[in-house]
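Biologist: I am new to this structure and should be grateful for a close look at a single part of it, the open sheet. Please describe how its strands are arranged and paired, and then relate that account briefly to the surroundings of the ligand.

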Amino acid sequence: MFSATSLGLSSLLAYLIYITIYRIFFHPLRNVPGPFLARLSKLWLAWHVRKGQSHVHFPKLHARYGPIVRIAPDQVLVCDEDAIRTVYGAATSFTKGDWYRIAGAPDKGWKPAEEVLDMLTETNMEKYRRQRRAIGPAYSIAGLEKHEGLLDAYIDQFVGRLKEFGGKEVDLAEWTHIFALESMSQFTLGKRPGYTEKGSDEGNGDASDALWQCFTVIGIFPGFVKLMHAIPKVGMLLVLPASLLLGVRLPKVWPVFSFSAPTIMQRLKALESTKDVKFPGDRPGLFHEQGESVEPSELQGEGIEETDMLATLMRLHHDKEARFPPSWVLSIALTNFGAGHDTLMFTLSSVIYHTYRSPAILTRLRKDMESQGISKNTKYSEMIQKVPLFLAIMKESMRIWPTLGWYIPRLVPASGATLCDTYLPPGTTVGTNLWASHFAPEVFANPHDFNPERWLSGGSEDKTREIGRMDSMWMGFGGGGRSCPGQHLARFFVVKTLARLVMKCDVEITGEPEIGGWFQCTMKGVDISVKERKTH
Ligand code: HEM
């Protein structure tokens, strides 16, 4: 017994010595600069990431070590125009890094592959492209404008509610989160949970913060995540000891799913061809209540009226049948809530914060809107065509506060790759932190200034070229073929809300933002007070 234990311990020690020597002196990434301890183990990365300051820490690493930095034995950060084009460009052969495994549904490996729609983690590019094509009509500008009335009506209520506070300070992040959850519910399901009237996001923001803290850190250990997913039903419980050990928060259920999930399930069960749809496996944050079972109604075939986005998705399924299975309808409708609420919270917060803190931009926007006759009834497509400053403000707000605080990990393909004059072997994880790349001074003049006008060419060829260069570094919606499928929706919601606020309200901003740099950034510390606009 004694000798078996000592043999085991000696073997472990020998392995640790071997792996340490290998990683320092012989690993193909040995010449990539970076903190010494990062070469030895991923624990260095986990230790730093758990502080929630990646958006500050990663740019500091670049400032110290240069455009390529080794942040783990097999992971490097890059901040360089050519490297970013190679890794994320439209024709890239780099695939999503193993970190994303933590964000996938635990049971997806046991389901027929065709039924699964989990775009963030999908690795089969052929299937991924088919899914993007299938949902395309619902997420295009024309598709979204079908439900513009739903959004307009909610924005009216939201802005009205803010004005009711009569100038009292309220928390910006909480209210943009209320907006995100409620507008998304109204638009997707034609009804909403009522957070606006209650004046509280009912813990959704906090649940989202907890989930991202936990996922960002645990995702660094994909082997562990694989183990969690391999154990049916109870495997996800392993997240509890792992969170405690790593000192991150335990994930919580997002209250909004207890509203949206049963509503979606009931609607799907009421249609003959979608009634057998199964809910995706339990995962932290996602409520699995499916609601009461309902009798199939006459809501079949031609009877689907596109009253909201879910109805549009159901119509797409009905028209395409096997090419758009019912499980995709459910998953993408849930994605609106999962992927759309905290991203929208953070982006809208940035837009409001920066616009109202930049009097010259606010004045120009109001002037442009007035001269172009923009009113509350103007359609979105007309707004962005007549007043390019809207999208310029949004893009600049997403440059200066990008929603992803972690880095965007991709795997080097089988051919290997040379980035920043450094050869990276196949399987290396490489990625960019947007809080570094969005501030590259050689691409963005005065990068710390909020200057939406940098995105307006005014017809000049030189300026257009400059914007093209900035565009190849700007990844507010991710990169190339894996960019955000919800981006038109995001612009649609943000621009329409900004227009209405600017038309109707004066907003005072107090406090400085405290940003949490997890995969998805979190925010607190800023208050707004909203009053009826004074027109002179
Ligand atoms: C302001 C709002 C939004 C922002 C700022 C945003 C931003 C992003 C970013 C940066 C990515 C790239 C992530 C990565 O490569 O790891 C992404 C991907 C994604 N987004 Fe959004 N998003 C927003 C809203 C939405 C909405 C409303 C949906 C609903 C469909 C959505 C669905 C997705 C999905 C499914 C992906 C994964 C795509 C892929 O991996 O290929 N997003 N988003």
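**The open sheet, strand by strand**

Modeller: A suitable place to begin is the pairing of strand 2 with strand 8, which is parallel and extends over three bridges. Within this pair, Val-76 has Val-430 of strand 8 as its bridge partner. The model is a predicted one, and the description that follows should be read accordingly.

Strand 2 comprises residues 75-78, and its side chains point in two directions: Gln-75 and Leu-77 one way, Val-76 and Val-78 the other. These four residues are all buried. Such a pattern agrees with a general rule, namely that side chains in a regular strand alternate between the two faces of the sheet.

Strand 2 also pairs with strand 1, here in the antiparallel sense and over four bridges. The two strands form a hairpin, with two residues between them. Ala-72 stands opposite Gln-75 of strand 2.

On strand 8, residues 429-431, there is a further pairing, with strand 5, residues 410-411. These two strands run antiparallel and are joined by two bridges. Leu-411 faces Thr-429 of strand 8 across this pairing.

Taken as a whole, the sheet is open and consists of five strands in the order 1-2-8-5-3, with mixed pairing. Strand 1 (68-72) and strand 3 (95-96) are the edge strands; each has a single partner strand, and therefore one side of each lacks a neighbour in the sheet.

The surroundings of the ligand may now be considered. There are 21 residues around the ligand, and those that come nearest are Gly-340, Gly-478, Cys-484, Gly-486 and Ala-490. Two elements give two or more residues to this shell, helix 15 (326-356) and helix 21 (487-504). Helix 15 gives the most, with seven residues. Sorted by class, the shell has 11 nonpolar, nine polar and one charged residues.

Helix 15 also has a helical neighbour to be noted. The axis of helix 14, residues 309-320, comes within 9 Å of the axis of helix 15, and the two cross at roughly 160 degrees. Because of this angle, helix 14 is roughly antiparallel to helix 15. Their crossing is right-handed.

To return to the part you asked about, strand 2 pairs in the antiparallel sense with strand 1 and in the parallel sense with strand 8, while strand 8 runs antiparallel to strand 5.

Conventions
Residues numbered from 1 in each chain as written. Predicted model: local features only at pLDDT ≥ 70, side-chain atom pairs only at ≥ 80, totals over all residues. Pairing = 2+ DSSP bridges. Near = placed C-beta within 6 Å. Nonpolar A, V, L, I, M, F, W, Y, C, P; charged D, E, K, R; others polar. Buried ≥ 20, exposed ≤ 12 C-beta atoms within 10 Å, placed from the backbone. Axes fitted to C-alpha atoms, helices over the stretch in contact; angles between N-to-C directions. Parallel < 35°, antiparallel > 145°, perpendicular 65-115°, else oblique. Left-handed = near helix turned anticlockwise from the far one by under 90°.
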